[in-house]
Amino acid sequence: MNVSLTKELSVYQLVMGVQVPPKPLSLSPATLLSLVRAQIDLLIEQQIVATLWVKLPPDKIWQSELARYKSSVGGSSLIYTCQIEEAGGDGAEGINASPSSSHHVSVHLPPDSQMRRENFLMVLSPQFCSLILAHRPLKKRQNQTSVKVNTNKNKKQPLLIITTVEGRIIQQVLDGIRKGIPPESSPILLASFVCPTVPQAALMNQLLAKQLLRQDEINRQIITLGTTRLEQKKEELHNKEQLKDEYLKNVCQELRTPLTHMKTALSILNSPNLKPPQRQRYLQMLNTQCDQQNSLITGLLELVQLERNLERTTLESVRLSDIVPGVVSTYKTVAQEKGIILDYTVPPEIPSVWCVSGGLRQIVIKMLHNSIKFTPNGGQVWVRARIQGDYVQLEFRDTGIGIAENEIPKIFERFYRVRAAATEDYGGAGLGLTIVQQLLLRSGGSISVKSKLSEGSTFTVQLATVGNTPRA
């Protein structure tokens, strides 16, 4: 059976067109669901064989109510399911339309149908007639430059719900549907059906009782869900507090260590028996520890500032050829002092990439600083860029001390510093790679590392090319 309705047909307008129309109430989708379930409960309990006109959301939770009625009573019932035909296809609002049969008929609505913003369940039976209708009005146009509009642009309009058992209203809707069927469409069954003026009092009492039960059930579910979410939020806040406490503990520990060394050096320097070479050694220790303290404080301030502003930082289009040569040139002198060969390759065809504003320069600086620091005299450091699919890979390779396999998962942790031996300390705050990773995550990029002890390391930074959407 091929049934379709004209685009001008609107159940909401039919209802509001009766004399003294019912007043729509602004209710939630959960309340609408409880009303539908109560209707289905009544039909099943009383075994009422009815003709149903239905347009409900495609979600399983709604469709399961129709399935429940069909499996319990639907052997002799007739269900007309209204579905919007999407423009340029045969699909209906993204769901699989049930094949038409003697008991289930798909009613096609054009893409620009007035019923697109409506959902309803209409029950037609000599014993009982009812209509539940939900209508979401169009948003009012407002000044697009208004800050308030921009902030609330995703806020949904209220859902207007009408529920009635009045025969005069339901009859007008039924007559309107009959008139809204094009001449070429198949005729509607029960063409002579007339709605009873009022339902039986016993049925109404049972319906009201079921509505109260279903609404109470929905309310309990909402309260349970709200409580669960509140507990989850509470746990998240607790975890954040624990992380903050652990972070502050680590910060204090890291700041205390240089102070302890400085205090020891100062205590020894007060000794009158200290020889000049020893004095010089402890003065050098003081200088080194002051540098370490300064590095820690600078790194911490940089990380705090980054984490505070990162979410608000916009992405920018940047070319590697505008950044890499300048940074490499800056580090050439440092590399030459250690006898390190430093070179780079950035092919001219490398496209622009997405990165947080000013972030690419920071990434290149910190990666080069690390590569040179951990590469002994006479070593080599290379920077190479290449295209890999929709991404650009920027590779930092060195012939440095390398990283032990068990240390690799830890190197992006705050304050973690690689040590080649128990007596060897390369200094630094242990925050450089943490900052690089944070910048890349915000830019939709990533960083990976391959390394072997005494053979060197290769860090690969990956950034999305302009024209390709960065990963969130």
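The expected span of a helix is 1.5 Å times one less than its number of residues. In this predicted model, helix α5 (residues 167-179) has 13 residues, and the distance from its first C-alpha to its last is 18 Å, close to the expected 18 Å.

**Confidence**

The mean pLDDT of the protein is 81, and 82% of its residues reach 70 or more. Over residues 90-100, however, the pLDDT is below 50, and beyond near neighbours in sequence this stretch has 19 contacts in the model. Residues 142-154 also stay under 50 in pLDDT, with five contacts beyond four places in sequence. Where pLDDT is low, the predicted coordinates should not be read in detail.

**Helices α5 and α10**

Several residues of α5 are buried, namely G167, I169, I170, Q171, V173, L174, G176 and I177. The elements that cover these buried residues include helix α1 (11-16). Strands β3, β6 (118-124), β7 (130-135) and β8 (159-164) are also among them.

In helix α10 (residues 432-442), the buried residues include L433, T434 and I435, together with V436, L439 and L440. An α-helix has 3.6 residues a turn, so residues three or four places apart point the same way. After α10 comes G444, which has a positive phi near 75°.

**Helix α2 and its surroundings**

The axes of α2 and helix α3 (residues 60-72) come within 10 Å of each other and cross at roughly 5°. Because angles under 35 degrees count as roughly parallel, α2 is described as roughly parallel to α3. On the α2 side, the contact involves P29, L32, L33, V36, R37, I40, D41, L43 and I44. On the α3 side, these residues meet I61, W62, E65, R68, Y69 and S72. By class, the contact of α2 with α3 comprises ten nonpolar residues, one polar residue and four charged residues.

S34 also lies in helix α2. With a relative accessible area of 1%, S34 is buried, because that value falls under 20%. Leaving aside neighbours within four places in sequence, S34 is in contact with R214, Q215 and I218.

**Loop residues**

Q47 lies in the loop between α2 (29-45) and β3 (51-55), and S454 in the loop between β14 (446-452) and β15 (456-464). Most residues other than glycine have a negative phi. Q47, which is not a glycine, nevertheless has a positive phi near 50°, and S454, also a residue other than glycine, has a positive phi of about 70°. Q47 is partly exposed, whereas S454 counts as exposed.

A further loop residue, K23, is located between α1 and β2 (25-27) and counts as exposed. The C-alpha atoms of K23 and I162 are separated by 7.1 Å, although their positions lie 139 residues apart along the chain when counted as sequence separation.

The relative accessible areas of the individual residues discussed above are set out below.

| Residue | Location | Relative accessible area |
|---|---|---|
| S34 | helix α2 | 1%, buried |
| Q47 | loop between α2 and β3 | 44%, partly exposed |
| S454 | loop between β14 and β15 | 66%, exposed |
| K23 | loop between α1 and β2 | 72%, exposed |

Terms used: Residues numbered from 1 in each chain as written. Predicted model: local features only at pLDDT ≥ 70, side-chain atom pairs only at ≥ 80, totals over all residues. Heavy atoms only, no water. Helix = DSSP H or I, 4+ residues; strand = E, 2+ residues; numbered from the N terminus. Buried < 20%, exposed > 50% of the residue type's maximum accessible area, 1.4 Å probe, protein only. Axes fitted to C-alpha atoms, helices over the stretch in contact; angles between N-to-C directions. Parallel < 35°, antiparallel > 145°, perpendicular 65-115°, else oblique. Contact = heavy atoms within 4.5 Å. Nonpolar A, V, L, I, M, F, W, Y, C, P; charged D, E, K, R; others polar. pLDDT = per-residue confidence, 0-100.
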